[in-house]
Amino acid sequence: MKEYIFFDIGGTLIKTDEGITNALKYAFERQNLDFVIPPGETSFIGPPILDSLVDIWGMDGKTAQAMAQTYRKYLEERGFCESRLQGDVASVLDCLKKTGKKMYAVSSEWQTLVEKILEHHKISQYFTGIYGADPSGTCTSKEDIISQIIMENHFINEDKKKMAIAGDRWRDMLAGKILEIDFVGVSYGYADRSEFSSVLPERIAGSPKELERILLSL
């Protein structure tokens, strides 16, 4: 039985694409650049924004840093409101907490923004811990952040058998592989289903309620 659940936020718990897109548009405009999203491109939703600016839009490091600062400013001031819960996520979290699960919210966005968006949607009370990226840029990947949680809580290797990661992108799946923690994918987020080609179909949730069922069955 899984006792500890690490939840990705954007896509898995909260639909964040509107705020993220508006924040990027704002950052581009501040740099007097045209903001164009490549057709069908959604991979900028989820990973660290610096990675997206470099990998998708070809920014150099200095420009990407400046853009990221402006992007985060927008999100912290108003972009966090331009989001909504994924379906009945609140009732799912409530059910899981009542069954004794200890849940951790994990995001590659900055800690202050993560706390603000969960408070805004009134779901922060369900989590034992809320963790975002280190503003210094030294701890931004899901595996690094979850490793920090494991260390801070003095978990041992045996405890990993009681853990699961729930997420909507291949980076969440990669964190599970690196840390040797079971992964549950969600197909209602922002990933192309092919990202989970190596995941058993019974470990992929098509809705928050299905995610609840899978997590309770592990």
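Which elements each supply at least two residues of the lining of the second largest cavity? I began my notebook with that question, and I found that strand 1 (4-8), helix 6 (142-152) and helix 7 (170-179) each do so.

Before going further I noted that this is a predicted model, where local features need pLDDT of at least 70 and side-chain atom pairs count only at pLDDT 80 or more, while totals for chains, interfaces and linings use all residues. Residues are numbered from 1 along each chain as its sequence is written, and side-chain values use heavy atoms, with hydrogens and water left out.

**Cavities**

I took a cavity to be a set of points, on a 1 Å grid over the protein atoms alone, where a 1.4 Å probe fits but cannot get out, and its lining residues to have an atom within 4 Å of a point. By this rule I counted two cavities of 30 Å³ or more.

The second largest holds about 40 Å³ of space, and its lining consists of Phe6, Phe7, Asp8, Val106, Lys142, Ile146, Ile165, Asp172 and Ala175. Strand 1 contributes the most to this lining, with three residues. By class I found six nonpolar, no polar and three charged residues there.

The largest cavity holds about 230 Å³, and of the 18 residues that line it, Gly10, Thr16, Ile20, Ser107 and Glu109 are the closest to its centre. Helix 3 (61-77), strand 4 (102-110) and helix 5 (111-120) are the elements that give two or more residues to this lining, which I sorted into eight nonpolar, seven polar and three charged residues.

**Helix 1 and helix 3**

I then looked up how helix 1 (residues 17-30) passes helix 3, and the axes come within 8 Å and cross at roughly 135°. Helix 1 and helix 3 are therefore oblique to each other, a word kept for angles outside the ranges under 35, 65 to 115 and over 145 degrees. Their crossing is right-handed. With contact meaning heavy atoms within 4.5 Å, residues of helix 1 including Ile20, Leu24 and Phe28 belong to a group that meets a helix 3 group with Met67 and Tyr74 among them. I sorted the residues of this contact into 10 nonpolar, three polar and one charged.

**Helix 4 and helix 8**

For helix 4 (residues 89-98) and helix 8 (residues 208-217), I found axes that come within 9 Å and cross at roughly 15°, so the two helices are roughly parallel to each other. In helix 4, Val89, Ser91, Val92, Cys95 and Leu96 meet Pro208, Lys209, Glu212, Leu215 and Leu216 in helix 8, and this contact has seven nonpolar, one polar and two charged residues.

Key: Axes fitted to C-alpha atoms, helices over the stretch in contact; angles between N-to-C directions. Helix = DSSP H or I, 4+ residues; strand = E, 2+ residues; numbered from the N terminus. Nonpolar A, V, L, I, M, F, W, Y, C, P; charged D, E, K, R; others polar. 1 Å grid on protein atoms, 1.4 Å probe; cavity = no way out; pocket = protein on both sides within 12 Å on 5 of 7 lines; lining within 4 Å. Points joined across faces, edges and corners; volume = space filled by probe spheres on them. Left-handed = near helix turned anticlockwise from the far one by under 90°.
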